[in-house]
Amino acid sequence: MVEVRQARYFIAVAEELNFSRAADRLKMSQPPLSQAILQLERQLGLTLLNRSSRSVLLTEAGQLFLEQCRLLVRASERAREVAALANGGLAGTLRIGAVTSAFSETLPQILQRFRASRPLVELQVQEIDSHHGRDALERRELDVAVIRQTVTGRRLKSVPLRRDHFVVAMPQDHRLAGGDGPVGLIEFRDEPWVWLRRHISPDYHDELVAACRQAGFSPEAQHYANSINSQLAMVKCGLGVTLAPESSVTQQPHGLVWRELRRRVDLVELSVVVRSGGQEPLVEHFIACAAPEGQR
């Protein structure tokens, strides 16, 4: 295998066609340079230079070898540049997972700012649910997760991104669909409920349960969904009522009605979640791009 150092030596000799000038260019003495080229030829089993007392000329093999040496040196320089950029958070790959609701407005704005300031970074984005996002971070399959997160352990840290509150969603023909103003959640205690399965998003599920229990009842879950969008679609079908973040409900074009709660229930609807303790420049820059305008 030809080393970059050997390629640099050969390029200098091949371009100068003079060992003395090549040695000066490389800031070394001539004898070690001559020995290095001889060793290279022995290593390759080729004659790269025709030498005489008056001239040094490239053989045909030497001319072809010179082109490859230039490619090798350029690749080495590019690798060093990319490594330096990556070390400074200016290049590399960032793997991002996000829940469905993040793609409507929040994530596109963050990505636009990120791309504008880090155009050399390759972004790999996938849709995930909150539970799998946390697992993927811990397994180092993701670098950033934009998920519903209220609690983190020692291995993860969470930066609140978008705060929201629950509203109660119901079919258009529901008995309370035509009213104005907030409603008490207790008024829905005997309704069939459309619920999100706990293993899909434990934090979100537990917040739903806590809101109902705080209102004085345990909801009777009759129908189960695997996402908030599916949850709301099932409400549109007339299967029951549910609690959902206002930001998710207002994205539904038609088919259901939502009412504010008399006793407001706030939640952190989206967070940027990353691994704790790591000094990862691309991740830190993503967090900076996600911060409110006055905090960037």
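How many of the 10 residues of helix 10 are buried? Keep that question in mind while you select helix 10, residues 281–290, in this model, which is a predicted one.

**First stop: helix 10**

Helix 10 turns out to be mostly covered, with seven of its 10 residues buried. To see them, pick out Leu 282, Val 283, His 285, Phe 286, Ile 287, Cys 289 and Ala 290, which are the buried residues of this helix. Next, display what lies over them: the cover includes helix 5 together with several strands, among them strand 3 (92–98), strand 4 (121–127) and strand 5 (144–147). Strand 6 (156–171) and strand 11 (266–275) also belong to the elements that cover the buried residues of helix 10.

**Second stop: helix 5 against helix 10**

Now add helix 5, residues 106–117, and look at how this helix packs on helix 10, at an angle of about 125° and with the two axes 9 Å apart. Helix 5 and helix 10 are therefore oblique to each other, and their crossing is right-handed. On the side of helix 5, the residues to select for this contact are Leu 107, Ile 110, Leu 111, Arg 113, Phe 114 and Ser 117, while helix 10 contributes Leu 282, His 285, Phe 286, Cys 289 and Ala 290. If you colour the residues of this contact by character, they divide into eight nonpolar, two polar and one charged. While looking at the spacing of such residues, it helps to remember that an α-helix has 3.6 residues a turn, so residues three or four places apart point the same way.

**Third stop: helix 1 against helix 3**

Move on to helix 1 (residues 4–16) and helix 3 (residues 30–44), whose axes come within 10 Å and cross at roughly 110°. That angle makes helix 1 roughly perpendicular to helix 3, and the crossing of these two helices is left-handed. Select Gln 6, Tyr 9, Phe 10 and Val 13 in helix 1, then Leu 33, Ala 36, Ile 37, Leu 40 and Gln 43 in helix 3, since these residues make the contact. The residues of this contact of helix 1 with helix 3 divide into seven nonpolar, two polar and no charged.

Stay in helix 1 and centre the view on Phe 10, which is buried, with a relative accessible area of 0%. Leaving aside residues up to four places away in sequence, Phe 10 touches Ile 37, Leu 40, Leu 48, Leu 49, Leu 58, Gly 62, Phe 65, Leu 66 and Cys 69. Of these, Gly 62 is worth a distance label, as its C-alpha atom is separated from that of Phe 10 by 9.2 Å although the two residues are 52 residues apart along the chain.

For another view of helix 3, select Gln 35, which counts as partly exposed at 48% relative accessibility. A label drawn from the C-alpha atom of Gln 35 to that of Arg 198, 163 residues apart along the chain, should read 72 Å.

**Fourth stop: cysteines and a serine**

Which of two cysteines, Cys 69 or Cys 237, is buried, and which is exposed? Cys 69 counts as buried at 2% relative accessibility, whereas Cys 237 counts as exposed at 63%. The structure holds zero disulfides.

Finish with Ser 248 in helix 9 (residues 246–249), a residue that counts as buried at 4% relative accessibility. Show Ser 101, Ile 228, Leu 232 and Glu 269 as well, which Ser 248 touches when residues up to four places away in sequence are not counted.

Note on methods
Residues numbered from 1 in each chain as written. Predicted model: local features only at pLDDT ≥ 70, side-chain atom pairs only at ≥ 80, totals over all residues. Heavy atoms only, no water. Axes fitted to C-alpha atoms, helices over the stretch in contact; angles between N-to-C directions. Helix = DSSP H or I, 4+ residues; strand = E, 2+ residues; numbered from the N terminus. Parallel < 35°, antiparallel > 145°, perpendicular 65-115°, else oblique. Left-handed = near helix turned anticlockwise from the far one by under 90°. Contact = heavy atoms within 4.5 Å. Nonpolar A, V, L, I, M, F, W, Y, C, P; charged D, E, K, R; others polar. Disulfide = S-S within 2.5 Å. Buried < 20%, exposed > 50% of the residue type's maximum accessible area, 1.4 Å probe, protein only.
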